[in-house]
Amino acid sequence: MAHLAPTPVEPGQDRTMILNMGPHHPSTHGVLRLILEIDGENIVRIMPDIGYLHTGIEKTCEAKFYQQVVPLTDRIDYLCPLTNNLCYVLAVEKLLGLEIPPKAQWMRVMLNELTRINSHLVWLGTHALDIGAMTVFLYCFREREDILRLFEMVSGQRMMTSYFRIGGLALEPPLGFFEKVRDFARRFPSKVDEYENLLTGNPIWGMRTKGVARITAEDAVALGASGPTLRGSGVDFDLRRDMPYSGYENFKFKVPVSQDGDVFARYICRVQELRESIAIVQQAVEGMPEGAIKADAPKVVLPDREKMKTQMEALIYHFKIITEGFAVPEGEVYQAVESPRGEMGYYVVSDGTAKPYRVHMRAACLANLQLLPLMCEGRLLADVVAAIGSIDIVLGEIDR
Amino acid sequence: MGPQPAVTDLDQLKGHPAIAKLLAWNSAVVEGAKFDREEVTVSLERSAIRDACVLLRDDPDCPFNYLADLTCVDWFPAEPRFEVVYHLLSIPKKERVRLKVRLDGGSPSLDSVTPVWPAANYFEREVFDLFGVRFAGHPYLRRLLMPEDWEGHPLRKDYPVEGFR
């Protein structure tokens, strides 16, 4: 396969020019560097160069207690912190064999879908901005602000939430929270109509996205694409429906699929996902079960503040969890969830101590980025910007 | 509370499509199998990995057509030191299987699966970069995340967390 590695340029074949795009380029959403070989306006070859945001987070995880890794997972993909939290805590809960109470599961699903909307709104706004549609950005960030306020209300943080903990949730949702969510869910579908009015039928948008950066289903599967990038190429696969986790089997939703495989197809898939996600949020908030938000596992889950101040055992457990962590039985687990960008997977290996022996994050974007050369080679330079936007990259997740 | 004990008896695990297929193909390369926490793991001999992957990918009944993840675990100071881990997914059948290959610490190398799934390209480069495992037949085995001139492989267990000073 020619696109996997660069081929040396023959002497005398110097029609082409090497152009460096990034690492600081507004359309690269972070610090992605692309080495482009161009012949006039046409892309001959394209080589992504990544690693500018590498922080060695997997190495850091090995030096922390299991519960201390949760805040690190927020920082991998800063647009969907709760999805990362969820994936990691599910993996550790699977290692421990913990039962999670239904209320915690439903809260997780609800917040996870709000995170998906949040992430898709940033994607839609910046993708449209890259291509030249200014207004959408302002509209999207207006609704994103509402979601960030909900996150702040429930976890105290707008972005680095760390709200999901091993064994349940950090806190009870505050009074009035569900009314706010219900209110948002009622308003939001008409906002999606607004975005669609600006873009879906817009002839300029169509010209910039239809037929651009086409990917076949076979290529998408072979190159490890996932999420809307995969479904935009006609592969009907969504982990939430096909391999459900955290109680997704209790929710009814459609999985949008498009057959065209171009930038527009991926756009349509994500916009439809906005509508499906808000439907899931609505179902979750209407059917929210009553009960505990933490598993009954005193050696793993921190006790309530009240109990800690009144009961000796609770104080001892609290002290032990904080100072020496909790041992996790030996074993290994690969937990995958459907993040806004695709299959986010955590591979956690335990050697029986209180610190993970190995934590590996399967970044959906890293695999999706491998499609970029296939999408762009032979096309125009301006299409690169549309193609990058359409795979919705987050460099924090790619470089880790 | 607590996980169920792992099943490691090959006879009990023959029902899983991947294990059945691999045993029928060449039972000598299967070093062991495990069913633990609802997940199936098959340990394979080093030389067989690429052929086994082709076999599983092209299986008409349950094609493991998607390479979800490829990574490595360093068991330093134990030998064989490295464990390269493959997570395969069958999109049509919604099945997962984990393959494992153990490698010695001296000069760890094994066949690349990039010719089988091009998705392995970046994953193998990352493992090469951070663990120093070489993949024979990879089209472009260069560092992916660390700078080109970096010395050492940071995710090895004998590499300090705060780096060498």
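User: Hey, what distance separates the centres of domain 1 and domain 2 of chain A?
Analyst: That's 30 Å, taken over C-alpha atoms. This is a predicted model: local features need pLDDT of at least 70, side-chain atom pairs count only at pLDDT 80 or more, and totals for chains, interfaces and linings use all residues. Residues are numbered from 1 along each chain as its sequence is written, while chains are lettered from A and ligands numbered from 1 in the order written.

User: Where do the two domains sit in the sequence of chain A?
Analyst: Domain 1 is 2–49 and domain 2 is 69–296 + 365–399. Those bounds come from an automatic or database domain assignment.

User: How many residues of each are in contact?
Analyst: 15 residues of domain 1 of chain A are in contact with 19 of domain 2 of chain A. Contact means that C-beta atoms, placed from the backbone, lie within 7 Å.

User: Which strand gives the most on the domain 1 side?
Analyst: Strand E3 of chain A (residues 42–49), with six residues. Strands (E, at least two residues) and helices (H or I, at least four) are DSSP runs numbered from the N terminus.

User: What sheet is E3 of chain A in?
Analyst: An open one with three strands, in the order E1-E2-E3 (chain A), paired antiparallel. Strand E1 (17–21) and E3 of chain A are at the edges with a single partner strand each, so one side of each has no neighbour in the sheet. Two strands pair if DSSP finds at least two bridges between them.

User: How many bridges join E1(A) to E2 of chain A?
Analyst: Five, and E2 covers residues 33–39 of chain A. As one example, Asn20(A) has Ile35(A) in E2(A) as its bridge partner.

User: New topic. How many residues of chain A are in contact with chain B?
Analyst: 39 of them, facing 32 residues of chain B. Elements that each supply at least two residues to the chain A side include helix H3 (81–96) and strand E6 (331–339).

User: And what's chain B made of, in helices and strands?
Analyst: Four helices and seven strands. Along the sequence, the pattern is α-α-β-β-α-β-β-β-β-α-β.

User: What share of chain B is buried?
Analyst: Buried residues are 43% of its 165 residues. A residue counts as buried if 20 or more other C-beta atoms, placed from the backbone, lie within 10 Å of its own; 12 or fewer is exposed, and in between is partly exposed.

User: What box do the C-alpha atoms of chain B fill?
Analyst: Roughly 50 × 40 × 30 Å, along the principal axes.

Methods:
Contact = placed C-beta atoms within 7 Å.
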